[in-house]
Amino acid sequence: MTEISHDLAASRLASASLVGAEAADAGPLGKVYSVVTRSPLATVGATILLTWCLLALLAPWVAPYPPNQIDVALVADPHPSAQHWLGVDHLGRDILSRLIWGARTVLTVAPIAVLGAVMLGIFLGLLSGYRGGMIDVVIMRVGDTLLAFPKIILYLIIIAKFGASAFNIIAVITLSSAPIIARIVRGVTLDIKNRDYVAAARMRGESAFFIMFVEILPNARGPLIVDFFLRLGYTTIAIGVLGFLGVGLPPPDPDWGGMVKEAYGMIFVWPHMTIIPSLAISSLVIGANFLATGLREAALDG
Amino acid sequence: MLRYSAKQLLNMALTLFAVSFLVFALNELSPGDVARKVLGPYASQSQVDYLTVQMGLDRPVLVRYAEYMGKALAGDFGDSVVFRQPVSALMFDRLGNTLLLAAISFAVIVPLSIVLGVLAGMRERGWFDRAVSVFSSMCASIPEFAMGVFLLGIFVVWLGWLPGTSPLRSDTGWSLWMQFVLPVLVVTFYDAGYLIAMVRSSMVEVMRQPYIRTALLKGMSFHGVVRRHALRNALITPFTVILLQLNYLVSGLVVVETLFAYPGFGRLMLEAALTKDIAVIEAGTLIAVSVTMLTQLFGDLGYMALDPRIRV
Amino acid sequence: MAEVLAFEHVSIAYDSRAGRQNILNDVSFVIGEGEALGLVGESGCGKSTVALAAMHYLPRGMSLTEGRIRVEGRDLARLSADELSRIRGNRIAMVYQDPMSSLNPVMPIGRQLMEVPLLHGETDERAAFRRAVAMLEEVRLPAAEAMMERYPHQLSGGQQQRVVIAMALMAEPALLIMDEPTTGLDVTIEAAILALVRDLRAKFGTAILFISHNLGTVARVCERIGVLYAGRLVETGSIATVFRSPVHPYTRGLLGALPRLSGGHRRGRLRPIDGTIQAADRARLGCAFAPRCSFAARRDCEERPVVMVAIDAAAQHLVRCARIDAVVAGSAVDGPPASATATNDQAPIVLSVRNLSKEYRLTSLFGGDRKGAVRAVTGVDLDARAGETLAIVGESGCGKSTLARIISGLLTATSGEVTLDGVDLAGISVDDRPPDTRRRIQMVFQNPDSTLNPSHSIAYALTRPLRLLRDLASGEAKAEVLRLLAQVRLPSEMADRMPHQLSGGQRQRVAIARALAGNPGVVVADEPVSALDVSVQAAILNLLGELLEQSQLGLVLISHDLALVRHMADWVAVMYLGRVVEYGPADQVFSPPYHPYTQALLLAAPTPDPDAPPVVVLEGSMPSPTDTILGCPFASRCPERIAGLCDTTPPPIRRFGEHRISCHLEIDAERAQPPAEAGGRTGMRSSSA
């Protein structure tokens, strides 16, 4: 496809000025909008994510009940009703309210953990790729050792040792994801550092840090943005799994994985108590994954 | 090739040492814990101290680590303080169960992923590709416990076709065969979702290569090209990833085993973590990391066999 | 003569989210049995689409909107998939631009060759095998049977292309389509491949559709030529007619923009074609070239379709131009005027390179013990003078880019000196050079796609060096950016653009402006125009020429293109395997006596000359830079090798004044024959100077 793409690329370049001017007028938000809506998959994903974000943001106003309000009288018939759209759990707490408040937890912990991993990973990856030599060997070696641990076992070891708290969960996810991101960034850096514009920056005497963060990093944003959303999905799963295994965020605050765990024993009697939070977490991850996949496709189309 | 393997094995041994020491040091930094665990919460502090000295736990970490590794290399991983039996015996049993589940799942996942991935990727953005992409993306997005809940809801609670637990005992009224269905299904959905996407994107990439066009313009039929030119190339990249799934299948089944009360390695690790059963955690970590490194080695070797461009 | 391939008013469109675009528009031509038609045009003109359309293999989104394509009289659009399969590879076969990626990397090449007869009727594996071996011998690959077991990555680029050609000829097709078959290969390899194609054509009588951006290669293979512009065929005719008396302004522009070996030194300007091709040109009702054409008239060229008109009675020469009379009456076409100016030996030396070497040590797996070394550059001596161009010419792997990077400080030398303003810089990386030294040497890079950071604006690319190298405040820098843009003939609004909004030529201008930002003494330009189309290339070369005239800048020009070097250089160094084999003032290097390698390069260079004679072709390829060379580096390929001397003893340096040739041959005026192509250009020169 190499030669034919020449014919196409040339015509695309010729029209690039038009498209470019258009996008520039729209501003950064408009640009994001136009990229996302280009792929139906990304549109669906972004819609799901945005909905959960809005619900989480507005939890105090949209949640019909306080999330931890226990009403044992309701347990007699916990099924969905006009008062409790999604029913109540085994303690009579409103499931919808707990889901909305739970979204707050997930949507704070997961992005912070991923952002932490991304920042650490970017720093290590840039350093490793641009500097090379011993620094590279050491960083990659330590990363490999961390990656040799199966993730879930790493989580269990650390959380068994230091206890389950939001901070520890964020720390362990950051630690276990950073090596992977470092690898991605290192790969991109190795490619970009040999481009002529980096040589040009050296020719005019830019510092190594300037080259790493101003010349190289902005050109790695594509794969990083895609990876961010993929990782957001995985992290949401990881947090859910920890909750389900009983080593997640401590009760009573609502945590989707924990909700499933608490009600799992009652699946034969009241299946809705487990199925509904399971649906919630699945939808959030699907949203993140769809957005990531759609963005990657849109990027490939140029 | 031999040289490479030797180098990789050496690397592996080094990483294993690093990992085992890390875990050992992490768990043994506070020596009183073990004795306290053995004696229970009501023992006096002096009793705990006495036992700590008795067990030799007051010696420096490095000395104890050397001793531990010496024994471990001979197959003795110490005793579990929770289960009150040798760790090696405990592990052997649980690991066997997990390997069985892993083997069945692997045998389902790999052919399924390759077939769906290749069929989807050979006609990029065709309707089949679209459908498979959405399907695999959804599968990979649904956490195992959620998938377990959905399948349980349908096949156990609603239809009553399958057992809700898989303790691998015959006294539950369900055949062993039936007990495997749900765990394997959950693992398959989750893992195949990821693998299908892998194989598909590799296939898409290969189908865009100029040599595919060369083959078509030689006068070969589309299916001939897929079979003879695309297939092998498309499996090179996913091969390593496919092998790496063995890690997940050995050490990552904690959730599935917990869901279905399956007596496996993962659940043992979870219980050990919850009860701080250090000997079990250490041994389990060593095993899990060895599996990772071994699959990596085999992955690399297989990769070289598949791709003539790579020689060491 | 029976027709093999016929395009009848073919239009092809590409549908995308952005709408429909015409890729080809009303293209008609016929190739008869055994005929060879060359299609030339610049990137984006649609020439590759023609090739794929002839195979009825269009990328997704492209479709035939009008016209018919016939192969041996059969309309391709009406054939079933099975019938198409029977034609492809059998009656028409194709050779591709990038041979490496056109071959399956995990299948031995023998298998890939045997597939062709096995797909087209042969049932006996052994017969297919024999046929494949025979064909490998036809394309002159050594040890054909052993070759069958090899994988593509084990062959050199030239060998890979021979395999692809062998594969295409396996079924003895009626038509061979070659899409840029030698682009990316070195000139000597290219010459060998083109000679092979000519021989095979004579032997098998295959018709050829030869697609290229290079007018010179087309001239070597074809007898007819078609010129494509923006998806339209604008001129067709015999090579001799079109090259000698082109009619269409675009064809004239292409020929005028090309630097020539026979053209002499640059003081005469090339004639670039103004403007660039725009997306809208494809959709234009009238002439697509009108916006760039100085003869364009609104009524004739823009308001109605322009059709192909026969120039001669036999209708062999067709032109799509509405203003033929005006064009023909206008300026006559001639090559750029040759005006050899004497090289100014008095120009002060700004940069001198002495005995420069660069080695890379190879280490074993476990590090430590030395296994050998790659000698990228060995013992190079050169001088760059103020206001002049020093050209370093050679094929890929000869070390010219390494040399450029050592001079600019992106790499450091293992030994030797690079002296600028009396300071030796050879061992000092650019990161460690003092700012003022850094400012004095700047670089222009090859690839317009990566020379500018896609994340930053043009203003950024020019402001940063001004701030860092000249310490300008932001206000001053802003004004200076505008001055620099003006200096490279770019409008000031370019400052706010992003690199992707610029064409390749515009980006290369920005790169030149960036190099000039620090007021350098020396600019190293590494293949600055090799990725650009001919018409754009001419403008960049003219710009560089002007800059040299206006300033005391020393230009070090790295290039593989001899014609370009001939046009630009005051001094020339010819490199082979890391060594300078010939060095001297351009006029002397480009006239006898020659180093045998220089002579081979001159003969191999494709020239757009219908009368160019067949060439003597170098055998083999350059030795690996890891090999230990005892004697002359060129000994393994030299046609005039003296056995027992050249391969054992390093050659002496023979001096003719400033002109140095490192060769064992007794070079004197009697022995040195001018290459036939260069005949009449220069007289015999005495070796005493």
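Biologist: How many residues does the contact take from chain A and from chain B?

Modeller: This is a predicted model, and in it the contact takes 42 residues from chain A and 48 residues from chain B. A residue gets onto that list by having heavy atoms within 4.5 Å of the other chain.

Biologist: And how much area is buried between chain A and chain B?

Modeller: About 4,000 Å², with carbon and sulfur atoms giving 72% of it. The size of an interface is often given as the accessible area lost when the parts come together.

Biologist: What makes Glu297(A) and Arg130(B) a salt bridge?

Modeller: Their side chains come to 3.5 Å, N to O. The cut-off is 4 Å between a Lys or Arg nitrogen and a carboxyl oxygen of Asp or Glu, so the pair qualifies. The rule finds one salt bridge across the interface of chain A and chain B. For polar contact, the count there is five residue pairs.

Biologist: Which helices of chain A each supply at least two residues of the side that touches chain B?

Modeller: Helices 5, 6, 10, 11 and 12 of chain A do. Helix 12 of chain A gives the most, with 14 residues. By class, this side of chain A has 29 nonpolar, eight polar and five charged residues.

Biologist: Now chain C. How many residues does the contact take from chain A and from chain C?

Modeller: That contact takes 32 residues from chain A and 53 residues from chain C. Together the two chains bury about 3,400 Å², 57% of it on carbon and sulfur atoms.

Biologist: How do you know that the side chains of Glu206(A) and Arg464(C) meet in a salt bridge?

Modeller: Put the value next to the cut-off: the N to O distance is 2.7 Å and the limit is 4 Å, so the pair counts. Between chain A and chain C the count is three salt bridges, and eleven residue pairs are in polar contact.

Biologist: Which helix of chain A gives the most to the side that touches chain C?

Modeller: Helix 1 (2-38), helix 8 (196-203) and helix 9 (208-216) of chain A each supply at least two residues there. Helix 1 of chain A gives the most, with 14 residues. The residues on this side of chain A divide into 15 nonpolar, six polar and eleven charged.

Biologist: Back to Glu206(A). What do the side chains of Glu206(A) and Arg204(A) meet in?

Modeller: A salt bridge, at 2.7 Å, N to O. Glu206(A) and Arg204(A) are both buried.

Biologist: Why is Asp300(C) called buried?

Modeller: Its relative accessible area is 17%, and buried means under 20%, so the label fits. Arg304(C) is its salt-bridge partner, at 3.4 Å, N to O.

Biologist: Why does Arg304(C) count as partly exposed?

Modeller: Arg304(C) has 44% relative accessibility, which lies between the limits of 20% and 50%, so it is called partly exposed.

Biologist: What makes Arg361(C) exposed?

Modeller: Its relative accessible area is 52%, and exposed means over 50%, so it passes. Arg361(C) forms a salt bridge with Glu359(C), the closest N and O atoms being 3.8 Å apart. At 26%, Glu359(C) falls between 20% and 50%, so it counts as partly exposed.

Biologist: How many salt bridges does a search of the whole structure find?

Modeller: 50 over all chains. Some are linked: Asp89(A), Arg93(A), Arg98(A) and Glu262(A) form a network of salt bridges.

Biologist: Let's turn to chain B. How is chain B divided?

Modeller: Into domain 1 (14-73) and domain 2 (99-306). Their C-alpha centres lie 38 Å apart. Eleven residues from domain 1 of chain B and eleven residues from domain 2 of chain B make up the contact.

Biologist: What is the count of salt bridges between domain 1 of chain B and domain 2 of chain B?

Modeller: Zero. Residue pairs in polar contact also come to zero, with both residues at pLDDT 80 or more. On the side of domain 1 of chain B that touches domain 2, helix 1 (2-28) and helix 2 (32-39) of chain B each supply at least two residues. Helix 1 of chain B gives the largest share, eight residues. About 990 Å² is buried between the two domains of chain B.

Biologist: How many helices and strands are there in chain B?

Modeller: Chain B has 13 helices and two strands. Of its 312 residues, 54% count as buried, and its C-alpha trace spans about 85 × 55 × 30 Å along the principal axes.

Terms used
Residues are numbered from 1 along each chain as its sequence is written. Chains are lettered from A and ligands numbered from 1 in the order in which they are written. This is a predicted model: local features need pLDDT of at least 70, side-chain atom pairs count only at pLDDT 80 or more; totals for chains, interfaces and linings use all residues. Side-chain values use heavy atoms; hydrogens and water are left out. Domain bounds come from an automatic or database domain assignment. Buried area is the accessible area (1.4 Å probe) that two parts lose on being put together, summed over both. A polar contact is a pair of N or O atoms within 3.5 Å; within protein, one must be able to donate a hydrogen and the other to accept it, and residues adjacent in sequence count only if both atoms are side-chain atoms. Helices (H or I, at least four residues) and strands (E, at least two) are DSSP runs, numbered from the N terminus. Ala, Val, Leu, Ile, Met, Phe, Trp, Tyr, Cys and Pro count as nonpolar, Asp, Glu, Lys and Arg as charged, and the others, Gly among them, as polar. Buried means under 20% relative accessible area, exposed over 50%, partly exposed in between (1.4 Å probe, protein chains only).
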